[in-house]
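Hi everyone, thanks for having me. Could you bring up the structure on your screens? Then we'll walk through a couple of spots together.

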Amino acid sequence: MSKLWGGRFTKPTNKLVEEYTSSIGFDVKLALHDIQGSLAHVEMLGDCQIISQEEVSQIKEGLQVIKKKIENEEVEFSVEQEDIHMNIEKLLIEEIGPVGGKLHTGRSRNDQVATDMHLYLKEKTHHLIQLVEAVQEALVHQADAHVETILPGYTHLQRAQPVSFAHHLLAYFWMFERDKERLKDSVKRINWSPLGAAALAGTPYPVDRQMTAEKLGFDHVYPNSLDAVSDRDFILEFLSISSILITHISRLSEELILWSSQEFNFIELDDAFCTGSSIMPQKKNPDVPELLRGKTGRIYGNLMGLLTLLKGLPLAYNKDMQEDKEGMFDTVETLDGALSLLAPMLASMEVKNANMRQAVNEDYSNATDIADYLAVKGMPFRQAHEVIGKIVLYAIQEQKFLLDLTLDEYKGFSELFEEDIFEKLAPEQVVAARNSEGGTGFEQVAQQLELAKQHV
């Protein structure tokens, strides 16, 4: 029999079964992590005198040869050997002979694959943290240049109050900061070692799980062997964090799409991050942020897929759990691509200050400040709110903006208005006045920017 587990069987595996149940098409991504785990395991077997040091040396040398071949893309993996673990073990036996079979002493594919995924996800999480930070640096770069650039702030996608463009960008900075902190915190749960739990019940060999955990850089070992081989909540947590992260990416992408439209015309994305139309030569399409927005669905789907997969599984390992990897791989690769594009796209975008300012001048987003003006002069805010509503209605009917009205027109609504109303309505003054902690006032934004710089 060609199967390493074939002693129990009298018939070869149906070819369709082999193809259907094989995971080598995707778990090949774990190859180097599998070898990393195997090197730690075999060293422990030798240190615990479970196999001889000579055998340890042979196995380690064989694994290093296979590792180099994999890195050089000189290995053809076999569907017949099902998964990356059996493929590498078969290659090892072919490389060094039957002694290669001793590598599997004291472990199972169940704890082996769990170990590989912990190693893989720890590495990728650290990488994604770096990519998130690069996006934050791009946001800080743009915010630093635009503290006093003013654009309309929106609620319900209706112009509400003018804000500093830096303040708007830094809102996303803090979203990504929380994403980064969630990723960092998740490493605490990823950094547990399942190795040595074996199939589900542990092993009769005198293995030292603490030793392999230390060799692999894990902080802890799973204290329960059943939990060790059946736990996938560290992947669920990663997928959940990823779903929040891609939500923030999608929201920012939506704004980039809106702002770069002719209707807004607040920014222009660099040509390197846009494409054209096959039929309309004038088009400059924001394809990158559109795809960033579009990728959100697949990451949500990966989370829902694993939640659904695990919800009814009894302990411990079940073949269903082979389906835990592709969604994880896909999410890692999707986020890697998204974040790698988002940072330079943000850093290179052109901000059209004058168009933003014109938009602020041609709306009624300073209306709240008139209500505040009257409230300071003693009018109850609710009454002031009603007065300003009538002023805005009047201005719309007269096809004017609030700064276009005369003092006499204002006094027609309240004698409390004085010449200083026009100073209060200037966009710079409207923004600067919001100097409460965390507000859009220029002083507050400058302080916020300095705080943001401490996080990247």
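At what angle do the axes of helix α15 and helix α16 cross? Before I answer, please keep in mind that this is a predicted model.

Two packed helices are described by the angle between their axes and the distance between the axes. Here, α15 covers residues 367-376 and α16 covers residues 381-397. Their axes cross at roughly 135 degrees and come within 8 Å. That angle makes α15 oblique to α16, because angles over 145 degrees would be needed for roughly antiparallel and 65 to 115 for roughly perpendicular. The crossing of these two helices is right-handed.

Now, which residues meet there? From α15 we have A367, I370, A371, D372, L374 and A375. On the α16 side, they meet F381, A384, V387, I388 and V392. Sorted by class, this contact has 10 nonpolar residues, 1 charged residue and no polar ones.

Let's stay with α15 for a moment. Its buried residues are A367, D369, I370, A371, Y373 and L374. What do they pack against? Besides α16, the buried residues of α15 pack against α17 (407-411), α18 (421-425) and α19 (427-432). And just after α15, look for G378, which has a positive phi of about 110 degrees.

Last stop: the hairpin. Strand β1, residues 150-155, pairs with strand β2, residues 158-164, in the antiparallel sense, over 6 bridges. As one example, L151 has V163 in β2 as its bridge partner. Between the strands there are 2 residues, and in this hairpin H156 takes a positive phi near 60 degrees.

Thanks for listening!

How values were computed
Residues are numbered from 1 along each chain as its sequence is written. This is a predicted model: local features need pLDDT of at least 70, side-chain atom pairs count only at pLDDT 80 or more; totals for chains, interfaces and linings use all residues. Side-chain values use heavy atoms; hydrogens and water are left out. Two strands pair if DSSP finds at least two bridges between them. Helices (H or I, at least four residues) and strands (E, at least two) are DSSP runs, numbered from the N terminus. Axes are lines fitted to C-alpha atoms, for helices over the stretch in contact, and angles run from 0 to 180 degrees between N-to-C directions. Angles under 35 degrees count as roughly parallel, over 145 as roughly antiparallel, 65 to 115 as roughly perpendicular and the rest as oblique. A crossing is left-handed if the near helix is turned anticlockwise from the far one by less than a right angle, and right-handed if clockwise. Contact means heavy atoms within 4.5 Å. Ala, Val, Leu, Ile, Met, Phe, Trp, Tyr, Cys and Pro count as nonpolar, Asp, Glu, Lys and Arg as charged, and the others, Gly among them, as polar. Buried means under 20% relative accessible area, exposed over 50%, partly exposed in between (1.4 Å probe, protein chains only).
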